[in-house]
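Thanks for sharing this one. Below are my notes, in numbered points, to read alongside the model.

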Amino acid sequence: MTPESPSALSPLVRRVVANNPGLMTGPGTNTYLVGIDEVAVIDPGPDLARHVDAIVGASMIERVRWVLLTHTHPDHWPAAAKIRKRTGAKIAGFAPFPKADEVTLELDVVLTDGDTIDGTEFRLEALHTPGHAPNHLCFWLDEERSLFTGDHVLNGTTTVVNPQRGGDMIQYLASLDRLRKIKRVARICPGHGDVIEDPAAVLDEYVAHRKMRERQILKLLKAKPATIPKIVGALYTDTPDGLVEMAQRQVHAHLLKLKAEGKVLGNGAKTSWSLS
Ligand SMILES: [Zn+2]
């Protein structure tokens with residue numbers, strides 16, 4: 001994955017990886033260019049000059065028709081306005097698209113579940129998949145049976161469901177279940193990491209992993225009440241220091257789900273949680 005150099009993944013899809021690698025972003029944010037004659041840019045990524053140049057330079061500018069946003073988080077969309085300015089493309093995403101990093105973005109097209117973007121060679125269908133973020137969309141490209149999953153499903157890094165950034169574990173698992181029911185998915189193009197060629201197995205693994213964490217948390221609390229940092233210290237033994245805080249948010253999301261289901265009692269990050 002060489003950053004900022006477009007590579008062809010299939011007849012209709014090209015990928016440009018942004019040069020923003022990190023613990024949360026893996027090799028960098030994936031920007032996908034769908035179509036040749038008319039192009040939809042999925043997740044323009046961070047506002048880095050070389051990244052914007054690579055996206056705009058990959059097609060004749062008048063062919064870039066849409067910029068589609070999977071969700072609000074700032075590694076996915078800030079390049080959108082510059083691409084719109086240089087190409088005239090329309091920016092489309094799920095509303096509301098709130099402020100992030102003090103930048104506001106006006107959507108030209110508000111997408112809701114089931115809406116389609118129709119290019120000359122393709123149709124992309126928006127699927128509302130809340131959980132990682134309330135306004136999260138996945139995009140389904142029927143012509144190639146490819147699913148663009150933003151941060152809902154990743155390759156090489158773990159999707160974080162962070163209640164402080166609109167994450168919701170109940171919705172996240174429901175959205176995963178919805179994706180599992182699309183039996184025709186041949187490949188997943190994630191927001192970070194390489195293409196996933198065995199989507200059914202990976203989606204099953206995602207659900208199994210969350211269920212395992214839930215069982216572990218319940219087992220721990222059965223032994224004795226514990227705070228979130230204590231739970232993370234016991235369960236996330238091989239997590240690098242830089243990701244401990246994210247692990248705590250993830251556990252918080254699990255606890256809020258279990259609380260909504262009447263299985264645990266507790267509040268916030270500092271006090272103890274217990275079985276109800
Ligand atoms: Zn995100």
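Which residues point one way from β3, and which the other way? Please keep in mind throughout that this is a predicted model.

1. **The two faces of β3.** N30, Y32 and V34 point one way from β3, while T31 and L33 point the other way, and all are buried. Put as a count, 5 of the 5 residues of β3 are buried, and the strand is mostly covered. In a regular strand the side chains alternate between the two faces of the sheet.

2. **The neighbours of β3.** On one side, β2 and β3 run antiparallel and are joined by 5 bridges; here V17 stands opposite N30. Towards β4, the pairing is again antiparallel, with 3 bridges, and L33 stands opposite V41 of β4. You may like to look at the connection as well: β3 and β4 form a hairpin with 4 residues between them, and G35 in that turn has a positive phi of about 95°.

3. **The sheet that holds β3.** Seen as a whole, this is an open sheet of 7 strands with mixed pairing, in the order β1-β2-β3-β4-β5-β6-β7. The edges are β1 (7-8) and β7 (109-111); each has a single partner strand, so one side of each is left without a neighbour in the sheet. A parallel pair also occurs: β5 and β6 run parallel, joined by 3 bridges, and L68 stands opposite A92 in β6.

4. **Two helices across this sheet.** Helix α1 lies across β2 (13-17), β3 (30-34), β4 and β5, and runs at about 165° to β2. Helix α2, for its part, lies across β4, β5 and β6, at about 165° to β5. Both can be followed easily if you start from β4, which appears in the list for α1 and in the list for α2.

5. **The buried side of α2.** Why do the buried residues of α2 fall on the same side of the helix? The residues concerned are A80, I83, R84 and T87, within a helix that spans residues 80-87. They cover an arc of only 100° around the axis, which puts them on the same side of α2. As a reminder, an α-helix has 3.6 residues a turn, so residues three or four places apart point the same way. The buried residues of α2 pack against β4 (39-42), α1 (49-57), β5 (64-68) and β6 (90-94). Just after the helix, G88 takes a positive phi of about 80°.

6. **A second sheet.** Further along the chain, 5 strands form an open sheet in the order β8-β9-β10-β11-β12, and the pairing is mixed. Its edges are β8 (116-118) and β12 (187-190), each with a single partner strand, so one side of each is left without a neighbour in the sheet. From one strand to the next the twist averages 20°.

7. **β10 within that sheet.** Of the 5 residues of β10 (137-141), 4 are buried, so the strand is largely enclosed by the rest of the structure. It is joined to β9 (123-128) by 5 bridges, with the two strands antiparallel; L127 has C138 as its bridge partner, and E125 has W140. W140 also has L147 of β11 as a bridge partner. β10 and β11 (146-150) run antiparallel with 3 bridges, and they form a hairpin with 4 residues between them, where R145 in the turn has a positive phi of about 50°.

8. **The α3 and α4 pair.** The axes of α3 (169-180) and α4 come within 10 Å and cross at roughly 155°. The two helices are therefore roughly antiparallel to each other, and α3 passes α4 in a left-handed crossing. At their interface, L173, L176, L179 and R180 of α3 meet L203, Y206, V207 and R210 of α4.

9. **A closer look at V207.** This residue is found in α4 (199-223). Is V207 buried or partly exposed? V207 is partly exposed, with 13 other C-beta atoms within 10 Å. Leaving aside neighbours within four places in sequence, V207 is in contact with L173 and L176. The C-alpha atoms of V207 and D177 are separated by 8.1 Å, although these residues are 30 apart along the chain.

Notes: Residues are numbered from 1 along each chain as its sequence is written. This is a predicted model: local features need pLDDT of at least 70, side-chain atom pairs count only at pLDDT 80 or more; totals for chains, interfaces and linings use all residues. A residue is buried if 20 or more other C-beta atoms lie within 10 Å of its own, exposed if 12 or fewer, and partly exposed in between; C-beta atoms are placed from the backbone. The arc is that of the directions from the helix axis to the C-beta atoms. Two residues are in contact if their C-beta atoms, placed from the backbone, lie within 7 Å. Two strands pair if DSSP finds at least two bridges between them. Axes are lines fitted to C-alpha atoms, for helices over the stretch in contact, and angles run from 0 to 180 degrees between N-to-C directions. Angles under 35 degrees count as roughly parallel, over 145 as roughly antiparallel, 65 to 115 as roughly perpendicular and the rest as oblique. A crossing is left-handed if the near helix is turned anticlockwise from the far one by less than a right angle, and right-handed if clockwise.
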